[in-house]
Amino acid sequence: MSSQGSQPKPEAAVSSLRPAEPLAGRIVSVEPLAERHREGLREAAAEDPAIFRFMVYTGDFDGWFDDALADPGGVAFAVVVDGRETGSTRYLNYEPLHRRVEIGWTWLRPSAWGTGANTETKMLLLEHAFEQGGMQRVEFKTDARNERTRAALVKVGCQFEGIARKHMMLPTGPRDSAWYAITEDDWPEVKAKLLWRLEIDE
């Protein structure tokens, strides 16, 4: 029998990355997604209809929410600021054999941009993945045209690893994806810089 045969199913494996409690910081609480978050996130997404323009759910909030809630291979979160749903993010594409996971499907209402909410959300998810989940690599990908997200990933400390051309289909046509990653070797320096950024934003 191959070594792959003894690997846990994706839904069983990824559950090990689901925190027992919300990941709480000074600005945000990153909470495992639940039905109670639906209407608050709907309101957050309505703040800017362009939020989903680089995703496959253009204009379909409930389709996105239902799939996020039911995703067997991912752990979706609501990002909450001062008790108010502000956005969402997710662990996905978890590969326990290779100690690798992706952070994606991340968005915040525009009024939260520039507040430190995105920085702290990434910090909490990365800390949980590396220090509790034992990951050796955390990946990120985004539409190559999404300059705001690409700049934010570099600011977080991700290393750009290239463009996957015609990587996936959107309702508007094929998408090129830009890939980024942080490894366990990078993490101590990345963490120190993120903590410094959060301190100067206070």
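**Pockets and sheet: three exercises**

The lining of the second largest pocket breaks down into four nonpolar, two polar and five charged residues. Keep in mind that this is a predicted model.

**Exercise 1.** Work out which helix gives the most to the lining of the second largest pocket.

*Solution.* Start with the pocket itself: its volume is about 180 Å³. Next, look along the lining, which includes Val-154, Lys-155 and Val-156 as well as Glu-189, Val-190 and Lys-193. Now match elements to it: helix 5 and helix 6 (187-200) each bring at least two residues. Helix 6 comes out on top, with five residues.

**Exercise 2.** Find the residues that lie nearest the centre of the largest pocket, then sort its lining by class.

*Solution.* This pocket holds about 1000 Å³ of space, and 42 residues line it. Nearest its centre you'll find Thr-106, Trp-107, Lys-122, Asn-146 and Thr-149. Elements giving two or more residues to this lining include strand 5, helix 4 (117-132) and helix 5 (147-156). Sorted by class, the lining has 19 nonpolar, 12 polar and 11 charged residues.

**Exercise 3.** Trace the strand order of the open sheet and pick out its edge strands.

*Solution.* Eight strands run in the order 1-2-3-4-5-6-8-7, with mixed pairing. The edges are strand 1 (23-24) and strand 7 (159-170), each paired on one side only. Strand 7 meets strand 8 (residues 173-183) in the antiparallel sense, over eight bridges; as one check, Gly-162 has Trp-179 of strand 8 as its bridge partner. Last step: helix 3 (residues 61-70) packs on the sheet, touching strands 3, 4 and 5, and its direction makes about 50° with that of strand 4.

Methods. Residues numbered from 1 in each chain as written. Predicted model: local features only at pLDDT ≥ 70, side-chain atom pairs only at ≥ 80, totals over all residues. Heavy atoms only, no water. Pairing = 2+ DSSP bridges. Helix = DSSP H or I, 4+ residues; strand = E, 2+ residues; numbered from the N terminus. Contact = heavy atoms within 4.5 Å. Axes fitted to C-alpha atoms, helices over the stretch in contact; angles between N-to-C directions. 1 Å grid on protein atoms, 1.4 Å probe; cavity = no way out; pocket = protein on both sides within 12 Å on 5 of 7 lines; lining within 4 Å. Points joined across faces, edges and corners; volume = space filled by probe spheres on them. Nonpolar A, V, L, I, M, F, W, Y, C, P; charged D, E, K, R; others polar.
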